[in-house]
Amino acid sequence: MSNTIEINGETYIKQSEVIAKPNGDYVVVRTQSAGVHAGILVSREGREVVLADTRRLWYWEGAASLSQISGTGISKPSKCKFPAAIAEILLTEAIEIIPCTDKARKIIEGVKPWIA
């Protein structure tokens, strides 16, 4: 069985093949009240998400949305405020989980840690 379908010359991928899985996918997670985080998806149970090697994306420039951040990355990484990565975090109110491209991950991980 194929994981894609073609309609009117456009190829589509089954949603179940796109959604990030807790197998080491690097993701951006938007929460209800704890902000935005990027890291390795360790587990997901309902709205609880555990990320490893994770950074809070406190402020950014050079991307219009989280979808753009996770897809093409950030065009102005020197303007971003991302604290240093921590080993692990439990987010209890995840409302959006977006898989990242390798390009976006490299940009996020390459942002100099912000220290207030």
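How many bridges join β3 to β7, and do those strands run parallel or antiparallel? Let's start there. β3 and β7 run antiparallel, and 5 bridges join them. One thing to keep in mind as I go: this is a predicted model.

Okay, the sheet. It's an open one with 5 strands, and the order goes β6-β5-β4-β3-β7, with antiparallel pairing. The edges are β6, residues 86–91, and β7, residues 94–99; each has a single partner strand, so one side of each is left without a neighbour in the sheet. From one strand to the next, the twist averages 45°.

Let's walk across it, beginning with β3. That strand is mostly covered, with 5 of its 6 residues buried. On the β7 side, valine 28 has isoleucine 98 as its bridge partner. On the β4 side, β3 again pairs in the antiparallel sense over 5 bridges, and there valine 29 stands opposite histidine 37. The hairpin of β3 and β4 has 4 residues between the strands, and glycine 35 takes a positive phi there, near 85°.

Further along we get to β5, residues 48–56, which pairs with β6 in the antiparallel sense over 5 bridges. If you want one spot to click on, take threonine 54, whose bridge partner in β6 is isoleucine 86. And then there's a helix on the sheet: α3, residues 102–110, packs there and touches β3, β4 and β5. The direction of α3 makes about 70° with that of β3.

Now, two residues I'd like you to look at. Is histidine 37 buried or exposed? Histidine 37 lies in strand β4, and its relative accessible area is 2%, so under the 20% cut-off it counts as buried. Its side chain has a polar contact of 3.4 Å with the side chain of arginine 56. Beyond its sequence neighbours within four places, histidine 37 is in contact with residues including Val27, Leu51, Thr54, Ile89 and Leu91.

That last one is my second pick. Leucine 91 sits in strand β6 and is buried too, at 2% relative accessibility. Leucine 91 and valine 49 are 42 residues apart along the chain, yet their C-alpha atoms are separated by 5.2 Å. Among the other contacts of leucine 91, outside four places in sequence, are Val29, Ala34 and Arg47.

So what about the nonpolar cores? In soluble globular proteins, nonpolar side chains tend to be buried together. Here the largest nonpolar core has 16 residues, and those with the most contacts inside it are Val28, Leu57, Ile69, Phe82 and Ile108. At least two residues of this core come from each of β3, β4, α2 and α3. Another core lies apart from it, with 8 residues, among them Val49, Leu51, Ile89 and our Leu91.

Back to phenylalanine 82 for a second: leaving aside neighbours within four places, its contacts include Leu57, Trp58, Ile108 and Trp114.

Which brings me to the aromatics. A search of the whole structure finds 1 aromatic pair. Tryptophan 58 and tryptophan 114 form it, and they're stacked, 4.8 Å centre to centre with 20° between the planes. The pair links distant parts of the chain, 56 residues apart: tryptophan 58 is in the loop between β5 and α2, and tryptophan 114 is in the segment after α3. Tryptophan 114 is partly exposed, by the way, with a relative accessible area of 28%.

That's my tour, thanks!

Notes. Residues are numbered from 1 along each chain as its sequence is written. This is a predicted model: local features need pLDDT of at least 70, side-chain atom pairs count only at pLDDT 80 or more; totals for chains, interfaces and linings use all residues. Side-chain values use heavy atoms; hydrogens and water are left out. Two strands pair if DSSP finds at least two bridges between them. Axes are lines fitted to C-alpha atoms, for helices over the stretch in contact, and angles run from 0 to 180 degrees between N-to-C directions. Contact means heavy atoms within 4.5 Å. Buried means under 20% relative accessible area, exposed over 50%, partly exposed in between (1.4 Å probe, protein chains only). A polar contact is a pair of N or O atoms within 3.5 Å; within protein, one must be able to donate a hydrogen and the other to accept it, and residues adjacent in sequence count only if both atoms are side-chain atoms. A nonpolar core is a set of buried Ala, Val, Leu, Ile, Met, Phe, Trp, Tyr and Cys residues joined through side-chain atoms within 4.5 Å. Rings of Phe, Tyr and Trp (its six-membered ring) pair if their centres lie within 6.5 Å; planes under 30 degrees apart count as stacked, over 60 as edge-to-face and the rest as tilted.
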